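Reader: I have a protein model open in front of me and would like to learn how to read its features one by one. Could we go through it slowly?

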Amino acid sequence: MNGAPNGIWVTAPSQYEADFETYHRAGLTIHTHTNGDEATDMALDCLADALAEVTKAQAELEAANQELERLAGQATNAQVIAVALATTTAPAAASSSMASW
């Protein structure tokens with residue numbers, strides 16, 4: 001209306017951002033609804049952040065795969081497997097259970 005905040009957040013923006021990241025990392029399809037410019041901008045920012053993380057993770061995985069291919073020609077299978085295990089990142093939700101690996 002006059003530039004003053006109005007409306008009611010059903011989910012606080014900080015909680016929405018945290019939930020969006022958690023669900024996205026878990027590989028879930030996210031369905032959301034917004035009403036108003038501020039809420040829509042926040043939802044789009046969350047989506048952009050999530051996609052940036054995916055792009056970064058894909059680049060890191062590609063670099064690790066290239067390194068594995070390079071090492072494959074000069075290493076034993078056990079050495080290649082050890083490098084693969086060392087360069088694979090576990091999902092955030094499972095990382096606490098994998099801490100003892």
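Author: What follows is a conversation about helices, exposure, salt bridges and surface patches.

Author: Before we begin, note that this is a predicted model, in which local features need pLDDT of at least 70 and side-chain atom pairs count only at pLDDT 80 or more, while totals for chains, interfaces and linings use all residues. Residues are numbered from 1 along each chain as its sequence is written, and side-chain values use heavy atoms, with hydrogens and water left out.

Reader: How many helices and how many strands are there in the protein?

Author: Helices and strands are taken as DSSP runs (H or I over at least four residues for a helix, E over at least two for a strand) and are numbered from the N terminus. Here the protein has 4 helices and 0 strands, so that the order from the N terminus on reads α-α-α-α.

Reader: What does helix 1 reach from its first C-alpha to its last?

Author: The expected span of a helix is 1.5 Å times one less than its number of residues. Helix 1 covers residues 13–25, which makes 13 residues, and reaches 18 Å, close to the 18 Å expected. Just after this helix, Gly27 takes a positive phi of about 85°.

Reader: Is Ile8 buried or exposed?

Author: The general idea is to look at relative accessible area, where buried means under 20%, exposed means over 50%, and partly exposed lies in between (with a 1.4 Å probe and protein chains only). Ile8, found in the segment before helix 1, counts as exposed because its relative accessibility is 81%. In space, Ile8 is 10.0 Å from Asn35, C-alpha to C-alpha, although the two are 27 residues apart in sequence. For the protein as a whole, 11% of the 101 residues count as buried.

Reader: Which residues are linked in a network of salt bridges?

Author: A salt bridge is a side-chain nitrogen of Lys or Arg within 4 Å of a carboxyl oxygen of Asp or Glu. The structure holds 2 of them, and Glu21, Arg25 and Glu53 are linked in a network. In one, Arg25 pairs with Glu21, with the closest N and O atoms 3.1 Å apart; both residues lie in helix 1, 4 residues apart, or about one turn of the helix. An α-helix has 3.6 residues a turn, so residues three or four places apart point the same way. In the other, Glu53 pairs with Arg25, the closest N and O atoms being 3.9 Å apart. Because Glu53 lies in helix 2 and Arg25 in helix 1, this pair ties together parts that are 28 residues apart in sequence.

Reader: Where on the surface should I look for a negative patch, and which residues form it?

Author: Patches are made of residues with over 30% relative accessible area and no salt bridge, like charges being joined within 9 Å and nonpolar side chains (Val, Leu, Ile, Met, Phe, Trp, Tyr) within 5 Å. Lys and Arg count as positive and Asp and Glu as negative, while His and the chain ends are not counted; the place of a charge is NZ of Lys, CZ of Arg, CG of Asp or CD of Glu. The negative patch consists of Glu17, Asp37, Glu38, Asp41, Asp45 and Asp49, and helix 2 (residues 37–72) gives the most to it, with 5 residues.

Reader: Which residues form the nonpolar patch?

Author: Leu44, Leu47 and Leu51 form it, with about 270 Å² of accessible area together, an area that comes from the Shrake-Rupley method with a 1.4 Å probe, where only the protein chains shown count as cover for residues. Leu51 is found in helix 2 and is partly exposed, at 45%.
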